[in-house]
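Open the model in your viewer and switch to a cartoon view. Keep the selection box ready. We will go stop by stop.

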Amino acid sequence: MVSKIILDIFSIVPLLFAISLSDRHVRENYRNRYFMFSVIAMIGILLTEIICQTLAQYSQATYIFPHKLLNVIGFGLNPIVPYFLIPFAGNQCTVKWKSAGFILPLVVNTILSIASFWTGLLFSVDAMNAYSRGPLFFVTTAICLYYFLWVVTIEGKRLNTYERHTKVFLFLIICFTLITSFLQILNPEILTLNGGLSIALLLYYMFFLDLQFDYDMQTGIKNREAFEKRMLRIPRENKSATLFVFDLNNLKLTNDTFGHKAGDEMIAVAAASINLCFREYGDAYRIGGDEFCVISRYLSDMDAKNLLVDLDSKIEICSRNRKVPISIAHGFSSFLPSEQEEKSPYMVFSEADDHMYCHKAKQKKVLMQE
C-alpha cells in the first residue's frame with residue numbers, strides 16, 4: 001500500500017516536468033494545450049488514487065463517501081488522458097475528434113462512473129470501506145484502448161515520413177506502454193500501469209520535441225530545413241521527381257478579420273489536406289509562413305493535375321461552413337536526371353513556383369469576375 005502511494009507520488013514528478021515543457025511551447029503550437037489537458041487528467045488520476053489508497057486503510061463508515069466520490073472522479077478522468085492525445089497527435093481536419101463518435105464514449109464512461117457510486121457497475125466500496133472492481137470495470141479500459149488506438153493510427157499514417165531513429169523512438173514508447181500495462185493486467189499486485197503511463201506521456205512529448213528538428217510543429221509536416229536537405233539529395237539519388245509548390249490564399253484577410261489564431265488554424269488545415277492528398281507519392285514540407293512544397297516520385301502531367309484536382313476537392317470539404325474559405329494556389333514541374341546539367345532541382349522548383357503564381361493570378365481574375 002505504502003509503496004503504491006510512493007510510486008504514484010514519484011510518477012507525478014515527470015508529469016509536472018512535462019507540463020512545464022509544454023506550457024513553454026503553447027504559443028508556438030496550439031496543440032500543446034491538448035497535451036497539457038492529458039497530463040493534468042493523469043495527475044488528477046494519480047492524486048485520487050493516492051487519496052483512495054490512504055482512505056482504504058480505514059474501515060470507519062465516515063470514509064466510505066469520500067472513497068466512492070474519489071473513485072467516481074478517477075474513473076471519469078481515465079479516458080480523458082488518451083482522448084486529448086488525439087488532437088495533440090493530429091488535428092481537426094485529419095480526425096474529427098469533436099464528433100459524436102469520439103465524444104459518446106466519454107459520455108458513457110462518465111454516466112457509468114457516476115452511476116457506480118450507487119450501483120457498483122465499475123467499482124464498489126463495501127460497508128468496511130474495501131474497494132473492489134465492478135462487473136463493467138472493463139468498459140473504462142476498453143474506451144481508453146479505443147482512444148489510444150486512434151493515437152497509434154494517426155502516428156502510423158505518418159510513419160513512412162519519419163527518419164529511422166524517430167521510428168525507433170516511437171516504437172520503444174509504444175512497447176514500454178504495452179509492457180507496463182500488461183504486467184499489471186497479468187498480475188494486479190504489480191502496480192505499474194499509471195506510473196508507466198506517466199513516463200510514457202513524458203517520453204511521447206520528448207518524441208514530439210525531437211520532431212522539431214525536421215518537422216514544423218504547427219502543421220505536423222516537414223519543415224524548411226528538411227526541405228533543403230531533401231533538395232540536396234535529389235541529384236545524388238539519380239531519380240526523376242515532381243515538385244509541387246503551394247501558396248495559401250486569404251491568410252492576411254483571416255488574420256486581420258478573425259485574429260492570428262484563426263490564421264494558424266487555416267494553415268494547419270491546408271497543410272493537413274496537402275499531406276493527406278500526397279502522402280502516398282512523396283513528402284510535404286512547410287517552406288514559409290503560408291507556402292508549402294511536395295517532393296514526390298515522378299508523375300506525368302495528367303497524374304499531377306488529377307492529384308491537384310483531388311486536393312481542391314479536399315480543401316472545398318474543409319472549407320464548408322467557414323466564414324473565410326480556404327483557397328490554395330498551386331503549380332508543379334518535374335526534375336529528370338538526364339537534364340540535371342541544364343536544370344537543377346532548384347530551377348525545377350522555380351518553374352513550379354512560377355506556375356503557382358500563374359494559377360494564383362487566374363484565381364484572382366475569377367474572383368474579380370464574380
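Start with a word you will need at many stops: a contact means heavy atoms within 4.5 Å. Helices (H or I, at least four residues) and strands (E, at least two) are DSSP runs, numbered from the N terminus. Residues are numbered from 1 along each chain as its sequence is written. This is a predicted model, where local features need pLDDT of at least 70, side-chain atom pairs count only at pLDDT 80 or more, and totals for chains, interfaces and linings use all residues; side-chain values use heavy atoms, with hydrogens and water left out.

**Stop 1: the whole chain**

Zoom out. You should find 14 helices and six strands. Along the principal axes, the C-alpha atoms fill a box of roughly 85 × 45 × 35 Å. Now colour by accessibility. Buried means under 20% relative accessible area, exposed means over 50%, and partly exposed lies in between (1.4 Å probe, protein chains only). Of the 370 residues in the chain, 48% are buried. Take the contacts between residues at least 6 apart in sequence: 71% of them join residues at least 24 apart.

**Stop 2: helix H13**

Select residues 301–319. This is helix H13, with 19 residues. The expected span of a helix is 1.5 Å times one less than its number of residues. For H13 that gives 27 Å, and the end C-alpha atoms are 27 Å apart, so the two agree.

Which residues of H13 are buried? Show Ala304, Leu307, Leu308, Leu311, Ile315, Cys318 and Ser319 as sticks: these are the ones. Look down the axis of H13. The buried residues fall within an arc of 115°, so they line one face of the helix. The arc is that of the directions from the helix axis to the C-beta atoms. An α-helix has 3.6 residues a turn, so residues three or four places apart point the same way.

Turn to the face of H13 away from its buried side. There you meet the exposed residues Met302, Val309 and Glu316. Now ask what covers the buried residues of H13. The cover includes strand E3 (241–249), helix H12 (260–278) and strand E6 (327–335). Step just past the end of H13 to Asn321, which takes a positive phi of about 65°.

**Stop 3: the sheet**

Select E3 and E6 again, then add E4 and E5. The four strands form an open sheet in the order E4-E5-E3-E6, with antiparallel pairing. Two strands pair if DSSP finds at least two bridges between them. Strand E4 (282–286) and E6 stand at the edges with a single partner strand each, so one side of each has no neighbour in the sheet. On average, neighbouring strands here are turned by 20° against each other, direction ignored.

Next, show H12. This helix packs on the sheet and touches E3, E4, E5 and E6. The direction of H12 makes about 155° with that of E3. Axes are lines fitted to C-alpha atoms, for helices over the stretch in contact, and angles run from 0 to 180 degrees between N-to-C directions.

Zoom in on E4 and E5 (residues 291–297). Five bridges join these antiparallel strands. Ala284 has Val294 as its bridge partner, and Gly282 has Ser296. A hairpin of four residues joins E4 to E5. Is E4 buried or exposed? Five of its five residues are buried, so E4 is largely enclosed by the rest of the structure.

**Stop 4: cysteines**

Select the cysteines. A disulfide is a pair of cysteine sulfur atoms within 2.5 Å. By this rule the count is zero. Look at Cys293: the nearest cysteine sulfur, that of Cys277, is 14 Å away. Cys293 is buried, at 1% relative accessibility. Cys318 is buried too, at 18%.

**Stop 5: His67 and Asn129**

Select residues 64–77, helix H3, and find His67 there. His67 is buried, with a relative accessible area of 2%. Leaving out residues up to four places away in sequence, it touches Cys52, Leu55, Ala56, Val125, Asn129 and Tyr131.

Move to Asn129. It lies in the loop between strand E1 (123–125) and strand E2 (131–133). Its relative accessibility is 0%, so Asn129 counts as buried. Its phi is near 65°, a positive value in a residue other than glycine.

Finish with a distance. From His67 to Glu339, C-alpha to C-alpha, is 75 Å in space and 272 residues in sequence.
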